[in-house]
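Visitor: I have a sequence and a structure to study, and I would like to be led through them with questions. Could we take them one at a time?

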Amino acid sequence: MRPDDVGQVAFDWFQAQPGCMLLAVADAQARPVGQLERTSFLLRFGSQYGNAIYARRPVSLTMEPVNLMIEADDDAVEFAERALDLFADELWRGFIIVDQGRYLGVSGMIELLRATTQERTSNARKLRSLADDLRKSNRALERQRRLAEAVIEHIPSLIAVRGQRDGTLRLINRAGAEMMGKLNEKVMRRSAVASRPGDMMQQILRADATLARQPPAMPCDLTFTIPGAMQQRIIRAMQIPIPMPDDDALTLTIAEDVTEVRRATSRIEELALFDVLTGLPNRVQLNNRLISLLDTEVSGAMARPEVALIAIDLDRFKMVNDTFGHDAGDMVLREMAARLRLAVRPEDLSVRIGGDEFAVLVSAPSLATLSEIVAQRLCESMKQPFHIRDKIVHLGGSIGIAIYPHDCQNADELMKHADMAMYDAKANGKGTWRRFSPGMREGLEQRSALEMELRQALARGQLAIHLQPQMDIADRRISGFECLARWTHPDLGQVPPAVFIPLAEDIGLIGELGEWIIQQSCRIGRTLPAGMSIAVNVSAVQFRLPGLVECIQAALADSGLEADRLELEVTESMLIADEAQVMISFNRLKALGVRIALDDFGTGFASFTYLKRYAFDKIKIDRSFVSGLPQDASSRAIVSAVAVLGSQLGAVVTAEGVETDVQYEALERLGCMQVQGYLIGRPSADPYQYLQPPYGQKRMA
Ligand code: C2E
Ligand code: CA
Ligand code: CA
């Protein structure tokens, strides 16, 4: 409003309101700036200046340079009485009510006088409460402002506000100032120019540019290299535009240092990728690597590489856990991981799949050969004894190889087929490796069918005991029989014990099966002529089962067979287990009066030291040494050494698999005491045929 208009409005107002003594004047922004007093206004308006009273000057000129002010807290009545004496003239023009110097409003003396004369107290109260209300609302506003400020200051994220047009910093909170360091102000004001690449400021400018490209309020991670510090900081930031009147749009930036959070997250991710026990990468990493190598969507349509997966499974690991406890099992697994690291090139991925299963992913040219070399090396490595505290155990491992794309079409199949090959290796004697072949699937299916049928074989009466004669060389008489289990399958016919005995061990059936074999053998043994003994095979797994001694005791008691007519044939693999435990069972059996023979001597790992430690009653030289006789010099050397050792230890030395006369003669010459083999007689359901006259005599030409 122009000054002359102000004059006109004021004049009209005073005319219309004869009681109005005072008018407040506001400036262009509607802020109260002062007052117009009726009398002096009219005087000036009428006589001195006329319509041009304000002479087009700013309204502020109409005010007294110094206004009479009254603190809102002052007692209005007291003030009026006191002030009337002193500045009667001034007071008529009104005064400004303030609160600690801040403008609250204007008032006139008339109201005050009215208050003093008529409703002194109530008006004074009204005036006071008016002042109070004004003050309160101002204080509430102030509190609001302080609250907002305090909140912004205490937010632990960076809060910064800049003008969009010129980029100047309007606000930054404490966390923001700390985060950006001293540079922030310069940068925010765009007043400095980055000097070197990697310079903090250049990084911030680059981050700004990145944020500006993001959709509003969409956070993104920015990386900063702090000069002088080794580590990078990760800042998660977003920008939000704030429209403002007067074209003064602002940009709000919210940012947070997430370095520690990200680091913790990546540590958790790392944990999820590695096996805690061995520190080897785990199955997740294997899957990831396979996906990145073989998944078309990830690798694109480019030629995919050849990869070989080697699946590894420790043999007899369950025995370690069962016999020595889980700590021992853990030790073996860690040791296994160390061997894996040694045997495998660093560029290949070695993982622990879980339990005692490991795998190696090999990618290289001429893969088939390489993976076979690695598999062979691993086999050898696993054959080395494992050390558990002060004990030594022999485990070995079975390995399967599958190669993409030759053996499979995708990652899933690659794993399945490597596993299949591994199972095939396990089913075929363990301690060895196999490359996948399509026939294996069938083999495995047959095996699981066979498992089912073996479980029922006993009840269905498909099992029998055949006896093979053993002859003493000294008098050429049959002194006993080895009992050999036979399974006649309704469709497959004879299933060899070398197949169904390990199968029974694997499926946990050997206890039941072994018990039946022992009972049946003892019963047959009882029917043989007095003095004839029977030998029953006891597998290593069976030997470690609890209750073996009791089972044998019961079989002897039930059949009435004398304990000294029963011989148990055990193999060297029995000795690998917890020695103390084996020794206890061994001695308990000996105490029953049962004899114990060491079977297949020379094929295992056991050395002559075992022969000294265990008081075996018999040593059975394996067929493989007999077949080389009489030509093979090393076979001869071994047979004669065992013969000498046996006589020193007081053990009978028996040769197995004797098929020819020349073998028999060589054995006789080398000092062997007993023979068993097709030459003497094949295993048979009818042992009496070997007892016909000439009674027990070897039928040789
Ligand atoms: P083993 O204990 O070494 O048994 C001797 C094996 O050699 C038997 O094979 C027998 O038939 C065979 N054999 C005997 N004389 C000759 C010969 O002159 N030439 C040749 N080439 N072979 C001969 P079988 O019956 O197939 O048994 C194989 C293996 O199965 C046995 O080897 C034994 O380890 C296991 N086994 C057999 N029956 C039982 C059993 O009742 N319990 C347990 N735990 N294992 C058994
Ligand atoms: Ca045997
Ligand atoms: Ca044998």
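**Around the ligands**

Guide: In this predicted model, an oxygen atom of ligand 1 is 2.8 Å from an N or O atom in the side chain of Arg623.

Visitor: Which residue has a polar side-chain atom 2.5 Å from a nitrogen atom of ligand 1?

Guide: Ligand 1 is surrounded by 21 residues, and the closest are Gln468, Arg486, Arg623, Glu659 and Tyr678. Among these, Gln468 places a polar side-chain atom 2.8 Å from a nitrogen atom of the ligand. The distance of 2.5 Å to a nitrogen atom of ligand 1 belongs to a polar side-chain atom of Glu659.

Visitor: How much of the surface of ligand 1 does the protein bury?

Guide: The starting point is the ligand taken alone, which exposes 790 Å². Of that area, the share that the protein buries is 82%.

Visitor: Which element supplies the largest share of the shell around ligand 1?

Guide: The shell divides into eight nonpolar, six polar and seven charged residues. At least two residues of this shell come from each of β19 (477-489), α17 (497-506) and β23. The largest share, which is four residues, comes from β19.

Visitor: Which residue bridges the two calcium ions, ligand 2 and ligand 3?

Guide: The calcium ion (ligand 2) is coordinated by Glu482 (OE), Asn537 (OD1), Glu569 (OE) and Asp599 (OD), at 2.1 to 2.3 Å. For the calcium ion (ligand 3), the coordinating atoms come from Asp599 (OD), Asp600 (OD), Glu656 (OE) and Glu656 (OE), at 2.2 to 2.5 Å. The two ions lie 3.8 Å apart, and the residue that coordinates both is Asp599.

Visitor: How many residues apart in sequence are the parts that Glu482 and Asp599 tie together?

Guide: Along the chain, the donor residues of the calcium ion (ligand 2) have the spacing E-x54-N-x31-E-x29-D. Glu482 lies in strand β19 and Asp599 lies in strand β23, so this pair ties together parts of the chain whose separation in sequence is 117 residues.

Visitor: Where does Glu656 lie, given that Asp600 is in strand β23 (residues 595-601)?

Guide: The donors of the calcium ion (ligand 3) follow the spacing D-D-x55-E along the chain. Asp600 and Glu656 are 56 residues apart in sequence, so the pair ties together separate parts, one being strand β23 and the other the loop between β25 (652-655) and α25 (661-670).

Visitor: Is Asp600 buried or partly exposed?

Guide: A residue counts as buried when its relative accessible area is under 20%. Glu656 meets this limit with 11%, and both Glu482 and Asp599 are buried as well. Asp600 has a relative accessible area of 25%, and it is therefore partly exposed.

**Elsewhere in the chain**

Visitor: Which residue's side chain makes a polar contact with the side chain of Lys426?

Guide: Lys426 is found in helix α15 (residues 411-427), and it is buried, with a relative accessible area of 17%. Leaving out residues up to four places away in sequence, Lys426 touches Asp313, Leu314, Asp315 and Ser398. The side-chain polar contact, at 3.0 Å, is with Asp313.

Visitor: How far apart in space are Ser539 and Gly511, C-alpha to C-alpha?

Guide: Ser539 lies in the loop between β21 (533-537) and α19 (540-544), where it is buried, with a relative accessible area of 14%. Apart from neighbours within four places in sequence, Ser539 is in contact with Glu505 and Ile510. Ser539 and Gly511 are 28 residues apart in sequence, while their C-alpha to C-alpha distance in space is 9.9 Å.

Visitor: Which residue just after α12 takes a positive phi?

Guide: Helix α12 (residues 317-324) has as its buried residues Phe317, Met319, Val320, Asn321 and Phe324. The elements that cover these buried residues include β11 (307-314), α13 (326-343), β14 (386-388), β15 (391-393) and α19. Just after the helix, a positive phi of about 95° is taken by Gly325.

Visitor: What percentage of the residues of the chain count as buried?

Guide: The secondary structure of the chain comes to 25 helices and 26 strands, and its accessible surface comes to about 36200 Å², of which 54% belongs to carbon and sulfur atoms. Of the 701 residues of the chain, the share that count as buried is 43%.

Definitions and conventions:
Residues are numbered from 1 along each chain as its sequence is written. Chains are lettered from A and ligands numbered from 1 in the order in which they are written. This is a predicted model: local features need pLDDT of at least 70, side-chain atom pairs count only at pLDDT 80 or more; totals for chains, interfaces and linings use all residues. Side-chain values use heavy atoms; hydrogens and water are left out. Donors are N, O and S atoms within 2.8 Å of the metal (3.2 Å for Na, K and Ca); water is not among the atoms, so sites may look incomplete. Buried means under 20% relative accessible area, exposed over 50%, partly exposed in between (1.4 Å probe, protein chains only). Accessible areas come from the Shrake-Rupley method with a 1.4 Å probe; for residues, only the protein chains shown count as cover. A residue is near a molecule or strand if one of its heavy atoms lies within 4 Å of it. A polar contact is a pair of N or O atoms within 3.5 Å; within protein, one must be able to donate a hydrogen and the other to accept it, and residues adjacent in sequence count only if both atoms are side-chain atoms. Ala, Val, Leu, Ile, Met, Phe, Trp, Tyr, Cys and Pro count as nonpolar, Asp, Glu, Lys and Arg as charged, and the others, Gly among them, as polar. Contact means heavy atoms within 4.5 Å.
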